[in-house]
Amino acid sequence: MENQVQGPILVGQLEDSEKATFYRKTYMHVAWAVLAFTMLEYIFITIFEDTVVNLINLMFANNFSWLIVLGLFWVGSSMADKLAHHESRQTQYMGLGLYVLLEAIIFLPMIYYAAYSSTGTDMLTQAVIVTFCLFGGLTAVVFMTNKNFSFLKTGLVIASFIVVGLIVAGSLFGFNLGLWFSMAMVVFAGAAILYQTSKVKYEYTEDQYVGAALGIFAAVMLLFWYILQIFMSRD
């Protein structure tokens, strides 16, 4: 739906049936992204195990290697996000697909370690369950309370700079950020989910469901990353 004077109408201004269609498309794409991520991890680890081991060794060859990986991930994810918000639907899907691939690659070290640890399957299962329970609860908060969490944007941006600084310092000087950092990042990821879900309700137009799905997927994967780290710290 478009207003000939004002241009595309935001989701928050659509009819209820149109809102429901947008939400369904968005979360269906999130589900497909999660499924694609899972399949890629399975393929990488089971079929290309030797290549994966070599890639992991390369990622952690020295303190600077992981920083380079994170830098490339940031550049690639920024590009993917831009593509996912392009006017062309094909380009949008390219952006989402690129982001899923990048997440699958950067998760390889943790997934590989967790899969082959003594409690690997249980650990991954528990981390997945906790992640989706928190995600479902936070999503319900936004939709059931009708509260707009867009005010979190400034805090998330400031916190992001602090987080990047800590991660860079940890990589350069070789110190472990520890359990408390992971717990703080779970809170950060939860806030990101609240913010991204509010964007789904209020800030996108009805044809931007692919870009909206990427934002939700990114926040969920951030949450999963640090929940899995917490479980791994107990192993």
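This report walks through some helices, a loop residue and a surface patch of the structure above. Please keep in mind that the model is predicted.

**Helix α1**

A good place to start is helix α1, which covers residues 16–47. With 32 residues at 1.5 Å a residue, helix α1 should span 46 Å, and its end C-alpha atoms are indeed 46 Å apart, so the expected and modelled spans agree.

Which residues of α1 are buried? They are Lys-19, Phe-22, Tyr-23, Thr-26, His-29, Val-30, Ala-33, Phe-37, Glu-41, Phe-44 and Ile-45. As you trace that list along the helix, a general point is handy: an α-helix has 3.6 residues a turn, so residues three or four places apart point the same way.

Other α1 residues have some access to the surface. Ala-20 belongs to this helix and is partly exposed, because its relative accessible area of 38% falls between the 20% and 50% cut-offs. Leu-35 sits in α1 too, and its relative accessible area of 40% makes it partly exposed. Tyr-42 is another residue of helix α1, and it counts as exposed because its relative accessibility of 57% is over 50%.

**A nonpolar patch on the surface**

Leu-35 and Tyr-42 turn up again in a nonpolar surface patch. Its other members are Met-28, Trp-32, Met-39, Ile-43, Ile-47 and Phe-48, and together the residues of the patch have about 870 Å² of accessible area.

**A buried threonine in α7**

Now for a residue with a very different setting. Thr-197 lies in helix α7, which runs over residues 178–202. Is Thr-197 buried or exposed? Its relative accessible area is 0%, and because this is under 20%, Thr-197 is buried.

Two kinds of neighbour help to picture the site. A polar atom of the Thr-197 side chain lies 2.6 Å from the backbone oxygen of Ile-193. Setting aside neighbours within four places in sequence, Thr-197 is in contact with Tyr-27, Thr-139, Val-142, Phe-143 and Ile-216. Tyr-27 falls within the residue range of α1, 16–47, while Thr-139, Val-142 and Phe-143 fall within that of α5, 120–145.

**Asn-146, Gly-155 and Phe-64**

The loop between α5 (120–145) and α6 (152–173) holds Asn-146. What is notable about the backbone of Asn-146? It has a positive phi of about 55° although it is not a glycine. Asn-146 also counts as exposed, at 53% relative accessibility.

Gly-155 is found in helix α6, where it is partly exposed with a relative accessible area of 40%. Phe-64 takes us to helix α3, residues 63–84. Although its side chain is that of a phenylalanine, Phe-64 counts as exposed, with a relative accessibility of 52%.

**Distances across the chain**

The table sets separation along the chain beside the C-alpha to C-alpha distance for several pairs that include residues described above.

| Pair | Separation in sequence | C-alpha distance |
|---|---|---|
| Gly-155 and Phe-188 | 33 residues | 9.5 Å |
| Phe-64 and Thr-21 | 43 residues | 45 Å |
| Ala-20 and Leu-96 | 76 residues | 22 Å |
| Tyr-42 and Gln-196 | 154 residues | 28 Å |

Two rows are worth reading side by side: Phe-64 and Thr-21 are 43 residues apart in sequence and 45 Å apart in space, whereas Tyr-42 and Gln-196, 154 residues apart along the chain, are separated by 28 Å.

How values were computed. Residues numbered from 1 in each chain as written. Predicted model: local features only at pLDDT ≥ 70, side-chain atom pairs only at ≥ 80, totals over all residues. Heavy atoms only, no water. Helix = DSSP H or I, 4+ residues; strand = E, 2+ residues; numbered from the N terminus. Expected span 1.5 Å × (residues − 1). Buried < 20%, exposed > 50% of the residue type's maximum accessible area, 1.4 Å probe, protein only. Polar contact = N/O pair within 3.5 Å; in protein donor to acceptor, adjacent residues only side chain to side chain. Contact = heavy atoms within 4.5 Å. Patch = residues over 30% accessible without salt bridge, like charges linked within 9 Å, V, L, I, M, F, W, Y side chains within 5 Å. Areas by Shrake-Rupley, 256 points an atom, 1.4 Å probe, with all protein chains shown as cover. Salt bridge = Lys/Arg side-chain N within 4 Å of Asp/Glu carboxyl O.
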